[in-house]
Amino acid sequence: MIKLNYKKCGVCNAHNAYFLFEEIIGEDESLTNILLCKNCSVLRNIQGSDDVQKGFFEIYFSTTDGDFEYLKKTIDELIIMIDYFYPKYSTLSTTVNNKTFLDVGCGQGLLSIAALKYGFDKVISVDINTETMKDVINILKANDYIESVNLSNLHIYDSMQSVTKKCDCVFMWHVLEHIENPLDFLLNYVIPILNKEAVLFIQIPLYRKKYVERVHHYFFNKPSVSFLMESCGLIIIDFIYDHTNEFLTIISKYE
Ligand SMILES: [Zn+2]
């Protein structure tokens with residue numbers, strides 16, 4: 001088990017800035033302490049660990065042949081989502097045929113497949129477990145869903161350290177809250193591989209009891225996520241609240 005350091009905030013690096021914000025009692029009467037950083041206002045759930053992330057992955061993302069219709073429907077919806085977000089916020093141009101798409105925390109890889117189908121020249125998919133995505137690709141191949149896609153343009157890695165190609169469009173969809181040290185992660189692994197004018201789309205769950213689980217290390221609000229983005233040299237372009245799901249999407253740009 002990895003010992004977590006609660007003395008230093010993973011978002012603003014402040015020392016000894018956490019104090020107890022709330023005690024959450026679970027249905028099994030377990031107690032979760034939520035800490036508040038008085039420097040950046042991020043909320044920290046101290047129950048997680050990287051071991052838990054891996055276990056969660058296997059339960060959440062395991063895929064079988066019978067899932068094809070669901071996978072296809074989801075990818076079709078994600079293509080519409082990319083088409084909504086990227087042309088609207090990209091200051092480069094709306095053509096994507098010479099652009100690289102980075103899917104950080106790709107999970108089953110459905111967003112990556114959608115980006116390939118959408119026409120991005122290169123798609124890079126990264127997660128701690130890439131077997132699931134490979135299974136998904138095999139299911140899609142078997143059902144002739146990705147015959148029009150050139151899979152040699154897809155690069156799958158199990159670590160951000162392996163990514164060297166510069167990227168133009170980055171999605172971190174429900175990923176930031178799973179990372180123990182978001183500031184170090186962005187500064188060390190994401191910022192160095194951004195092209196000028198790259199656009200980042202980040203979606204996170206808001207702080208709600210239903211989202212307090214062991215794999216969610218952090219809960220952000222506008223001030224804390226702004227602090228994080230700006231500490232990385234990113235300029236925030238927009239915030240979008242999803243009131244139905246209680247998610248927050250942050251769109252930022254690298255200059
Ligand atoms: Zn902080």
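User: In which sense do strands E2 and E3 (residues 43-45) pair, and over how many bridges?

Analyst: In this predicted model, E2 and strand E3 pair in the antiparallel sense, over 3 bridges. One place to see the register is Leu36, which stands opposite Leu43 in E3. The hairpin of E2 and E3 has 5 residues between its strands, and Ser41 there takes a positive phi near 75 degrees.

User: How many bridges join E1 to strand E2 (residues 31-37)?

Analyst: E1 and E2 are paired over 7 bridges, in the antiparallel sense. Two partnerships can be followed residue by residue: Leu20 has Leu35 of E2 as its bridge partner, and Glu22 has Ile34 of E2. These two strands also form a hairpin with 5 residues between them, and in its turn Glu29 has a positive phi of about 65 degrees.

User: Which strand order does the open sheet have, and which strands stand at its edges?

Analyst: The open sheet consists of 4 strands in the order E1-E2-E3-E9, with antiparallel pairing. Strand E1 (18-25) and strand E9 (218-219) are at the edges, and because each has a single partner strand, one side of each is left without a neighbour in the sheet.

User: Turning to helices, what span should helix H2 (residues 68-89) have, and how far apart are its end C-alpha atoms?

Analyst: A helix can be checked against a rise of 1.5 Å a residue, by which the 22 residues of H2 should span 32 Å; the end C-alpha atoms are 31 Å apart, which agrees.

User: Which residues of H2 are buried, and which exposed residues lie on the face turned away from them?

Analyst: Ile75, Leu78, Ile82 and Tyr86 are buried in H2. They cover an arc of only 65 degrees around the axis, and therefore lie on the same side of H2. The face turned away from that buried side carries exposed residues, namely Glu69, Tyr70, Lys73, Glu77, Ile80, Tyr84 and Lys88. As for what the buried residues of H2 pack against, their partners are helix H3 (110-118) and strand E7 (167-173).

User: Why is a nonpolar core worth looking for, and which residues have the most contacts inside the largest one here?

Analyst: The general idea is that nonpolar side chains tend to be buried together in soluble globular proteins. Here the largest nonpolar core has 65 residues, and Val11 and Val170 are those with the most contacts inside it. Strand E8 (residues 194-205) supplies the largest share of this core, 7 residues. Setting aside residues up to four places away in sequence, Val11 touches Cys37, Cys40, Val42, Pro182, Leu183, Tyr218, Ser224, Phe227 and Leu228.

User: Is Val123 buried or exposed, and what is it in contact with?

Analyst: Val123, which is found in strand E5 (residues 122-126), is buried, because 28 other C-beta atoms lie within 10 Å, where 20 or more are required. Beyond its neighbours within four places in sequence, Val123 is in contact with Phe101, Asp103, Ser112, Ala115, Leu116, Asn153 and Leu154. Val123 and Leu151 are 28 residues apart along the chain, and their C-alpha atoms are separated by 9.3 Å.

User: For the whole chain, what radius of gyration would a compact globule have, and what does the protein chain have?

Analyst: For 255 residues, a compact globule would have a radius of gyration near 18 Å, and the protein chain agrees with this at 18 Å. The C-alpha trace spans about 55 × 40 × 35 Å along its principal axes, and the chain holds 6 helices and 11 strands. Of the 255 residues, 35% count as buried. Among contacts with a separation of 6 or more, 69% come from residues 24 or more positions apart.

Technical notes: Residues are numbered from 1 along each chain as its sequence is written. This is a predicted model: local features need pLDDT of at least 70, side-chain atom pairs count only at pLDDT 80 or more; totals for chains, interfaces and linings use all residues. The expected span of a helix is 1.5 Å times one less than its number of residues. A residue is buried if 20 or more other C-beta atoms lie within 10 Å of its own, exposed if 12 or fewer, and partly exposed in between; C-beta atoms are placed from the backbone. The arc is that of the directions from the helix axis to the C-beta atoms. Two residues are in contact if their C-beta atoms, placed from the backbone, lie within 7 Å. A nonpolar core is a set of buried Ala, Val, Leu, Ile, Met, Phe, Trp, Tyr and Cys residues joined through C-beta atoms within 7 Å. The radius of gyration is taken over C-alpha atoms; the globule rule is 2.2 Å times the number of residues to the power 0.38. Two strands pair if DSSP finds at least two bridges between them.
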